[in-house]
Amino acid sequence: MNKETFVTKAQLDEIVKEFPTPFHLYDEKGIRENVKALKEAFSWNPGYKEYFAVKATPNPFLIDILKEYGCGCDCSSYTELMLSDAVGIRGEDIMFSSNDTPAEEFILADKLGAIINLDDITHIDFLEQTIGHIPEVISCRYNPGGLFKISNDIMDNPGDSKYGMTTPQMYEAFKILKEKGAKEFGIHAFLASNTVTNEYYPMLAKVLFEQAVSLQKETGVHISFINLSGGIGIPYRPGQEPNDIRIIGDGVRRVYEEVLVPAGMGDVAIYTELGRYMMGPYGCLVTKAIHEKHTHKEYIGVDACAVNLMRPAMYGAYHHITVMGKEDWPCDHKYDVSGSLCENNDKFAIDRMLPEVEMGDYLVIHDTGAHGFSMGYNYNGKLKSAEVLLKEDGSAQLIRRAETPADYFATFDCFDIGKKLLEK
Ligand SMILES: Cc1ncc(COP(=O)(O)O)c(C=O)c1O
């Protein structure tokens, strides 16, 4: 089965003349259309806001596009906070959803006026000692434990996850925070990842809304927002039914009207912290076939490796591959598509049926727009690739240059050996 690329062969032939492979390519048109549809789906909620999960695609040019649509940033680290600040997203337009948080990260989050989402009850004292006060607006991350199921399908296992507070801890935390001066409260939970079903958000909303009603009643706090976090998935495999954001938005609205409105909580704002859904399908990794190897299996060696896209190596994740210009050829060759790392799991595809691949063919690895480039690393001294934006007018713009050896050696710059390496 096929999956269409957002870039044509003719466009790509031009782009590779300017930018050598490998690189991640992003689709401006797709990003814009998707964020518009998301906003529309939640327009029934006046306070609705998407805080884009910066970790998914930490590129200021892409975040800037989302900013045009009123998106904020969900940050989880010091540098993500810096990035958000640099693109002009500050104050309550930042959700700081971190865990095991170092003091300096809380300090910067507070300085920027971010909403702090506490991962643990012990972080209340830690935060107070670190920044000298408890912010008036505060959020707590909830983990109900057990298994998260839709009908009989296990979506994920929150009971085994390191994030969030237990139910009794949530009550206790809200009481303590209220005593310490917090005035506006939020609840956050992320209970399942990459869900390709329209039921996840409404199910999660039910859990959180019921919890919110009970928390408000028991503790007397004012809950002003509920953050459904990330987790809406994308169809990585061809033929997989994609989520329909209108159905998801409407499903959340129905639960809102069923649970929150009758409890007098019709003023609660809904927040989301989507990453994968915002960018995943609108990015791809472009790579070139540079070697073929015929041993116990048939291998195609490409010029990208797991450094550029770690998901297949790390989780065995499926990413569809299109051999550009051969979309209509029969998929009658079975290949392992591999990178150059000294790791046998550095394979973008195993036993994948593809059209015959010839040296110099360009391969588009689909759906790398989220948790793709950003998970990159430097094993084997491999350098991270460029990022390029395919603009709405069809032109291509460099939005991050590729790393050079000087970038790789930069952290030795204070040593003599580093000075030598950097001179080269
Ligand atoms: C706290 C938090 N929020 C949001 C996200 C984004 O999740 P996704 O990309 O699945 O939407 C993540 C992903 O790890 C996360 O940890």
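Let's start with C342, which is exposed in this predicted model, its relative accessible area being 62%. This cysteine takes part in no disulfide. The nearest cysteine sulfur belongs to C305, and it lies 9.9 Å away. A disulfide calls for two cysteine sulfur atoms within 2.5 Å, so C342 and C305 do not form one.

C331 is another cysteine worth a look. Its relative accessibility is 47%, so C331 counts as partly exposed. The closest cysteine sulfur to that of C331 sits in C284, and because the two are 18 Å apart, they are too far from each other for a bond. Turning to the structure as a whole, you will find zero disulfides in it.

Now let's move to the ligand. Where does the ligand sit? You will find it in the largest pocket. There, 14 residues surround the ligand, and the closest are K55, E273, G275, R276 and H371. By character, the shell around the ligand is made up of three nonpolar, six polar and five charged residues.

Some of the contacts can be followed atom by atom. R276 contributes a polar backbone atom, which is 2.7 Å from an oxygen atom of the ligand. With H371 the side chain is involved: one of its N or O atoms is 2.7 Å from an oxygen atom of the ligand. S229 also has a polar side-chain atom to show you, this one lying 3.3 Å from a nitrogen atom of the ligand. How much of the ligand's accessible area does the protein cover? On its own the ligand has 390 Å² of accessible area, and the protein covers 88% of that.

Key: Residues are numbered from 1 along each chain as its sequence is written. This is a predicted model: local features need pLDDT of at least 70, side-chain atom pairs count only at pLDDT 80 or more; totals for chains, interfaces and linings use all residues. Side-chain values use heavy atoms; hydrogens and water are left out. A residue is near a molecule or strand if one of its heavy atoms lies within 4 Å of it. A polar contact is a pair of N or O atoms within 3.5 Å; within protein, one must be able to donate a hydrogen and the other to accept it, and residues adjacent in sequence count only if both atoms are side-chain atoms. Accessible areas come from the Shrake-Rupley method with a 1.4 Å probe; for residues, only the protein chains shown count as cover. On a 1 Å grid over the protein atoms alone, a cavity is a set of points where a 1.4 Å probe fits but cannot get out, and a pocket is an open set with protein on both sides within 12 Å along at least five of seven lines; lining residues have an atom within 4 Å of a point. A molecule sits in a cavity or pocket if more than half of its atoms lie within 2 Å of its grid points. Ala, Val, Leu, Ile, Met, Phe, Trp, Tyr, Cys and Pro count as nonpolar, Asp, Glu, Lys and Arg as charged, and the others, Gly among them, as polar. Buried means under 20% relative accessible area, exposed over 50%, partly exposed in between (1.4 Å probe, protein chains only).
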